[in-house]
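Work through the exercises below with the sequence and the structure at hand. Each task is followed by a solution in steps.

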Amino acid sequence: MDEETHRPGTAGTQGIVCALCGTRSGSDSAPPTWIFAVENGSRRYFCDDCSRTHIRAIEGRLDSAWW
Ligand SMILES: [Zn+2]
């Protein structure tokens, strides 16, 4: 009777969630269409829709707090 406890080695991740809209990838790894940025030492993922919308800001290395 395994409940969905954290699996060893996943560092407590519960799938990948878009930092902007909250969409979940449904898996522990980001889909290839998602992009990934490091802000203040923490990783953020952006879904394909948000990355298209915000690609310029992301490429400009602005923190999402500025968006
Ligand atoms: Zn999104």
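## Exercises on a predicted model

**Exercise 1.** State how the donor residues of the zinc ion are spaced in sequence, then name these residues and describe the geometry of the site.

*Solution.* The model used here is predicted.
Step 1: along the sequence, the donor residues of the zinc ion follow the spacing C-x2-C-x25-C-x2-C.
Step 2: the donors are the SG atoms of Cys-18, Cys-21, Cys-47 and Cys-50, which coordinate the zinc ion at 2.3 Å.
Step 3: the angles among the four donor atoms run from 105 to 117 degrees. Four donors count as tetrahedral if all angles lie between 85 and 135 degrees, and the site of the zinc ion is tetrahedral.

**Exercise 2.** Give the number of disulfides.

*Solution.* Step 1: a disulfide requires a pair of cysteine sulfur atoms within 2.5 Å.
Step 2: by this rule the count is zero.

**Exercise 3.** Sort Cys-18, Cys-21, Cys-47 and Cys-50 into buried or partly exposed.

*Solution.* Step 1: the cut-off for buried is under 20% relative accessible area, and partly exposed lies between that and the exposed class, which is over 50%.
Step 2: Cys-18 has 4% relative accessibility, so Cys-18 is buried. Cys-47 has 3% and is therefore buried. Cys-50, at 11%, is also buried.
Step 3: Cys-21 has a relative accessible area of 43%, so Cys-21 is partly exposed.
Step 4: for the chain as a whole, 22% of the 67 residues count as buried.

**Exercise 4.** List the members of the largest nonpolar core, then find the contacts of Cys-50 beyond four places in sequence.

*Solution.* Step 1: the largest nonpolar core has eight residues: Ile-16, Cys-18, Trp-34, Ala-37, Tyr-45, Phe-46, Cys-47 and Cys-50.
Step 2: with residues up to four places away in sequence set aside, Cys-50 touches Cys-18, Leu-20 and Cys-21.
Step 3: among these contacts of Cys-50 are Cys-18 and Cys-21, both of which also supply an SG atom to the zinc ion.

**Exercise 5.** Describe the order of the elements and the pairing of the strands.

*Solution.* Step 1: the chain holds one helix and two strands, in the order β-β-α from the N terminus.
Step 2: β1 pairs with β2 (residues 42-46) in the antiparallel sense, over five bridges.
Step 3: Val-38 stands opposite Arg-43 in β2, and Glu-39 stands opposite Ser-42 in β2.
Step 4: the hairpin of β1 and β2 has two residues between the strands, and Asn-40 there takes a positive phi near 50 degrees.

**Exercise 6.** Place Ser-29 and Ala-30 in the chain, and give the distance of each from Gly-15.

*Solution.* Step 1: Ser-29 is found in the segment before β1 (35-39), and Ala-30 lies in the segment before β1 as well.
Step 2: from C-alpha to C-alpha, Ser-29 is 6.8 Å from Gly-15, with 14 residues of separation in sequence. Ala-30 and Gly-15 are 15 residues apart along the chain, and their C-alpha atoms are separated by 8.1 Å.
Step 3: Ser-29, at 47% relative accessibility, is partly exposed. Ala-30 is partly exposed too, at 29%.
Step 4: apart from neighbours within four places in sequence, Ala-30 is in contact with Ile-16 and Tyr-45. Ile-16 and Tyr-45 both belong to the largest nonpolar core.

Conventions
Residues are numbered from 1 along each chain as its sequence is written. This is a predicted model: local features need pLDDT of at least 70, side-chain atom pairs count only at pLDDT 80 or more; totals for chains, interfaces and linings use all residues. Side-chain values use heavy atoms; hydrogens and water are left out. Buried means under 20% relative accessible area, exposed over 50%, partly exposed in between (1.4 Å probe, protein chains only). Donors are N, O and S atoms within 2.8 Å of the metal (3.2 Å for Na, K and Ca); water is not among the atoms, so sites may look incomplete. Four donors count as tetrahedral if all angles lie between 85 and 135 degrees; four count as square planar and six as octahedral if opposite donors are over 155 degrees apart and all others between 65 and 115; anything else is irregular. Helices (H or I, at least four residues) and strands (E, at least two) are DSSP runs, numbered from the N terminus. Two strands pair if DSSP finds at least two bridges between them. A nonpolar core is a set of buried Ala, Val, Leu, Ile, Met, Phe, Trp, Tyr and Cys residues joined through side-chain atoms within 4.5 Å. Contact means heavy atoms within 4.5 Å.
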